[in-house]
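Reader: I have a structure open and would enjoy talking it through with you. Could we take it step by step?

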Amino acid sequence: MFKVNQLVRSTRTGWLHVIDQTYKLDQSHVWVRCVSRNTARPMLCVPSEEMDLIGNNYRAKPKCSR
């Protein structure tokens, strides 16, 4: 259902995440990385039915050098 580097939104919290890993056999859970907030756990394994697809090929903007 999801592919790596897709931007998704959690239906439970509303936070933005990026898909890091998916399982080939079991697609009920995915590994995500939160991009909207700093969290204590940078990687989470969440149920895929709690995620809504927003966009493909997400890339974070580079930080300003100033």
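Author: Gladly! A word on surface first: accessible areas come from the Shrake-Rupley method with a 1.4 Å probe. Please keep in mind that this is a predicted model.

Reader: Thanks! With that in hand, what share of the exposed area of the protein do carbon and sulfur atoms supply?

Author: The protein exposes about 5300 Å². Of that area, the part supplied by carbon and sulfur atoms is 50%.

Reader: And what pattern does the protein follow along the sequence?

Author: The secondary structure comes to 0 helices and 5 strands. Read from start to end, the pattern is therefore written with strands, since runs of E count as strands. It reads β-β-β-β-β.

Reader: Nice and clear. In the hairpin of β1 and β2, which residue takes a positive phi?

Author: Strand β1 covers residues 7-10 and strand β2 residues 16-22, and 3 bridges join them in an antiparallel arrangement. Within this pair, Arg 9 stands opposite Leu 16. The hairpin has 5 residues between its strands, and the one with a positive phi, near 85°, is Gly 14.

Reader: Moving on to β3, which residue there is the bridge partner of Gln 21?

Author: β2 also pairs with strand β3, residues 29-34, in the antiparallel sense over 5 bridges. These two strands form a hairpin with 6 residues between them. The partner of Gln 21 in β3 is Trp 31.

Reader: Which residue of β5 is the bridge partner of Val 8?

Author: β1 pairs with β2, and β1 pairs with β5 as well, antiparallel and over 4 bridges. In β5, Val 8 has as its bridge partner Leu 53.

Reader: Let us stay with β5. Is Ile 54 buried, partly exposed or exposed?

Author: Ile 54 is found in strand β5, residues 51-55. Leaving out residues up to four places away in sequence, it touches Leu 7, Val 8, Arg 9 and Leu 16. Its relative accessibility is 42%, and because buried means under 20% and exposed over 50%, Ile 54 counts as partly exposed.

Reader: How many residues make up the largest nonpolar core?

Author: Buried residues make up 21% of the 66 residues in the protein. The largest nonpolar core includes Phe 2, Val 8 and Ile 19, together with Val 30, Val 32, Val 46 and Met 51. One of these, Val 32, is in contact with residues including His 17, Ile 19, Pro 42 and Val 46, with neighbours within four places in sequence left aside. The number of residues in this core is 7.

Reader: One last thing: how far apart are the mean positions of the positive and negative charges?

Author: For scale, the C-alpha atoms fill a box of roughly 45 × 20 × 20 Å along the principal axes. The protein carries 11 positive and 5 negative charges. The separation between their mean positions is 15 Å.

Conventions. Residues numbered from 1 in each chain as written. Predicted model: local features only at pLDDT ≥ 70, side-chain atom pairs only at ≥ 80, totals over all residues. Heavy atoms only, no water. Pairing = 2+ DSSP bridges. Core = buried A, V, L, I, M, F, W, Y, C linked by side-chain atoms within 4.5 Å. Buried < 20%, exposed > 50% of the residue type's maximum accessible area, 1.4 Å probe, protein only. Contact = heavy atoms within 4.5 Å. Lys, Arg positive; Asp, Glu negative; His and termini not counted. Charge placed at Lys NZ, Arg CZ, Asp CG, Glu CD.
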